[in-house]
Amino acid sequence: VTAHSLAKDSSIRRGLRGRISDGGFRWLVTIAGAMVLVILAWMIGSTTLESLPVFAKEGLNFFTSTTWAPGGSRTEITGSYGALAFLYGTVVSSLIAVLIAVPLAIGIALFLTQLAPRWLRTPASYAVDLLAMIPSVIIGLWALLFFVPVVVYPVMEFLAGTAGQVVPLFSGPPTVRSLFAAGIVLSLMILPIITAIVREVFDTVPPDERYAAFGVGATRWEVMRHVVLPRSRPGIIGATMLGLGRALGETIAVLMVIGGSPSVLIELFRPAQSIAGQIASGFAEASPEGISGLIALGVALFVMTIVINVAARLIVWRLGEVRGDASI
Amino acid sequence: MTASSAPVEMSSATRASLRSRSSNSVRRQRVDLVMRLVLGAALLLAIVPLGLIITITLQQGLATISLEFLTSTAPLSFRRFGGGFFHGLVGTTMMVGIAILIAVPLGIAASIFLVEYRTSRLAKPVRFFTDVMTGVPSIFVGLFVYAALVREAGIGFGTFVGGVAISILMLPIVVRSAEEILRLVPVDLRNASTAMGARTWQTTLFVVLPAAAPGLITGVMLAVARGAGETAPLILTAFGTAYLTTELFGSPQTALPLLIFEQARQPFEAAQGRAWAGALQLVALVLLLTVVARLIAARSRVGR
């Protein structure tokens, strides 16, 4: 029992003023803590309320139709709101991003925790974290004016000329702004958070197990392959889902390179549109009714990300020591 | 080494290869070397884009940035050269200021709750949903603030509404980083203060918070760096304007990221040049905040 916790219960300190000041303080900070829950609940309530008429009118059509034609009404819902093309753009670009970022993040985390000399570890981890601090509009600007036309486009041309002859996924001719370009740019943006968590996961592998493997003559790679990786599977899954959640919600950088034309095409080298991109680009000119439609898109996006995030956090939380940096 | 003390799972193939080491060792060493190179290359693949972003922003931004850029507003025609993002700088500063005023007291109070009253039944859900909140898409936060404040409450687009949106995005970052720091304040300090007769609130405000100050500042700066770079929620709340304004309510406001976004999409060299210069200004701001924050953290006694 510490003096601190003892004093909390001590009868000496139960004067009237003490009860008011300490009790009041406790209430104040409790309310502050509860505000997080209140804001989250308010978010869900307010947006659901605003978009309910759209969901009520469209029903399942909202998820299966590609016709997005908002009406101009102030009071009722007159247009058609089919979100399939936006859902497709969001999900496919995010899947491309995860497919590229996860193996890369595992590689980086393995290198940083198992191979890198001590002097390299901190600055290199720091550099990967720094990538997360670059505002997404700047990544978008850089991708739009340099990275996609100069680096990604030649790759698309090459793939279209080779694999594209047989696989419809890669068939050309490619356009600069495309689903594929958006996926590549997204993979850069989710790389830091996945790397940060996977790195923490690898750090929790008991050294004894690694030394045991070294002791029986395993090489560095064999230790990683047969000790570190199998032990870290739940953590890697959690980190992947967190990255996927981030990718689904990313707006500006995606909007700048995805092309902005809603479509459900199997070809990755064609323009598309994402949910978040449509909300950001359609908002300024939307009618009151159209804004309800955009809020409905937002609710669909929110439900997708929140389900993935809660599941991911539950997985990561169960690992105990791993928590990930809130600022990444 | 007994099996029970070292539960190393290995496929039978590995076990066999370990036994016949001499014949296999060359191949295994080769695989090891190749994989090490592959893993090193993965790190390079992440560092190279970071380097490219910074060097190209520097190179393109320096070509346009000038004293005029930092102190004037952009011309109404995207084709015209000259002008700058002063209105965006004012907007960003005002909105981030409002966001700090809301998110920092609220966030630090919430973190005090999570640390000093951790036995409360509410502590676990609050901590969990704060983590979940870091994953809420920023565009959705913008939609929410628009729906709640602009549409329902009728406040109108502008500085205040934009600041609220940024504060919601900063809040979970402030709470979680402050919580981590407060947890590191030694319990001896609290005991000493209590033994001197301080009440819990006095101990918390006058002993625990000052001891944690450098770490708290680090967390706030990282949150500010994140908030200052947000674009998507501002499209729906600040709305954007071509004019300089210091109104808090009722008149649309702009920000550095909004202007970069708007000008970058124009097919004109003049607009793209301004976008690069704005990007340089924003990156400098954000990276400066980040680096200084990490330096403060590295030097403080109670820190990461």
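Modeller: Two residues are in contact here when heavy atoms of one lie within 4.5 Å of heavy atoms of the other. This is a predicted model, in which local features need pLDDT of at least 70 and side-chain atom pairs count only at pLDDT 80 or more, whereas totals for chains, interfaces and linings use all residues. Residues are numbered from 1 along each chain as its sequence is written, chains are lettered from A and ligands numbered from 1 in the order in which they are written, and side-chain values use heavy atoms, with hydrogens and water left out.

Biologist: With that cut-off, how many residues does each chain bring to the contact?

Modeller: Chain A supplies 99 residues and chain B supplies 105 residues. The size of an interface is often given as the accessible area lost when the parts come together. In this model that buried area, which is the accessible area (1.4 Å probe) lost by two parts on being put together and summed over both, is about 9,600 Å² for chain B and chain A, with 75% of it on carbon and sulfur atoms.

Biologist: What are the dimensions and the secondary structure of chain A on its own?

Modeller: Helices (DSSP runs of H or I, at least four residues) and strands (runs of E, at least two) are numbered from the N terminus, and on this count chain A has 13 helices and two strands. Its C-alpha atoms fill a box of roughly 75 × 65 × 35 Å along the principal axes. Among contacts in chain A between residues at least 6 apart in sequence, 72% join residues at least 24 apart.

Biologist: What share of chain A is buried?

Modeller: The classes rest on relative accessible area, with buried under 20%, exposed over 50% and partly exposed in between (1.4 Å probe, protein chains only). Of the 328 residues in chain A, 57% are buried. One of the buried residues is Thr47(A), at 0% relative accessibility, which lies in helix α2 (residues 16-58) of chain A. Leaving aside neighbours within four places in sequence, Thr47(A) is in contact with Ile295(A) and Val299(A), and also with Phe140(B) and Phe144(B) from the other chain.

Biologist: How does the span of helix α10 of chain A compare with what its residue count predicts?

Modeller: The expected span is 1.5 Å times one less than the number of residues. For the 17 residues of α10 (residues 233-249) that gives 24 Å, and the end C-alpha atoms are 25 Å apart, which agrees. The buried residues of α10(A), including Gly235(A), Ile236(A), Leu242(A) and Leu248(A), pack against α4 (84-115), α7, α9 (220-231), α12 (275-282) and α13 (288-318) of chain A, together with α6 (138-152) of chain B.

Biologist: Turning to charges, how many salt bridges cross the interface, and how many are there over all chains?

Modeller: Side chains of opposite charge can pair when their charged atoms come close. The rule requires a side-chain nitrogen of Lys or Arg within 4 Å of a carboxyl oxygen of Asp or Glu, and it finds three salt bridges between chain B and chain A, out of eleven over all chains. One that crosses joins Arg313(A) and Asp131(B), with the closest N and O atoms 4.0 Å apart, and both of these residues are buried. Within chain B, Glu179(B) and Arg183(B) meet at 2.4 Å, N to O. Because these two are four residues apart in helix α7 (residues 159-184) of chain B, about one helical turn separates them. Glu179(B) is buried, at 3% relative accessible area, whereas Arg183(B) is partly exposed, at 37%. Shared partners join Arg313(A), Arg127(B), Asp131(B), Arg176(B), Glu179(B) and Arg183(B) into one network.

Biologist: What is the sign of phi at Phe239(B), and where does the residue lie?

Modeller: Most residues other than glycine have a negative phi. Phe239(B), however, has a positive phi near 80 degrees. This residue sits in the loop between α10 (232-237) and α11 (256-264) of chain B, and with a relative accessible area of 32% Phe239(B) is partly exposed.

Biologist: Which residues make up the nonpolar surface patch?

Modeller: A patch is built from residues with over 30% relative accessible area and no salt bridge, joining like charges within 9 Å and nonpolar side chains (Val, Leu, Ile, Met, Phe, Trp, Tyr) within 5 Å. Here Val166(A), Val167(A), Leu169(A) and Ile266(A) make a nonpolar patch of about 340 Å², the areas coming from the Shrake-Rupley method with a 1.4 Å probe and, for residues, only the protein chains shown as cover. Val166(A) lies in the loop between α6 (136-161) and α7 (179-203) of chain A, and at 70% relative accessibility Val166(A) counts as exposed.
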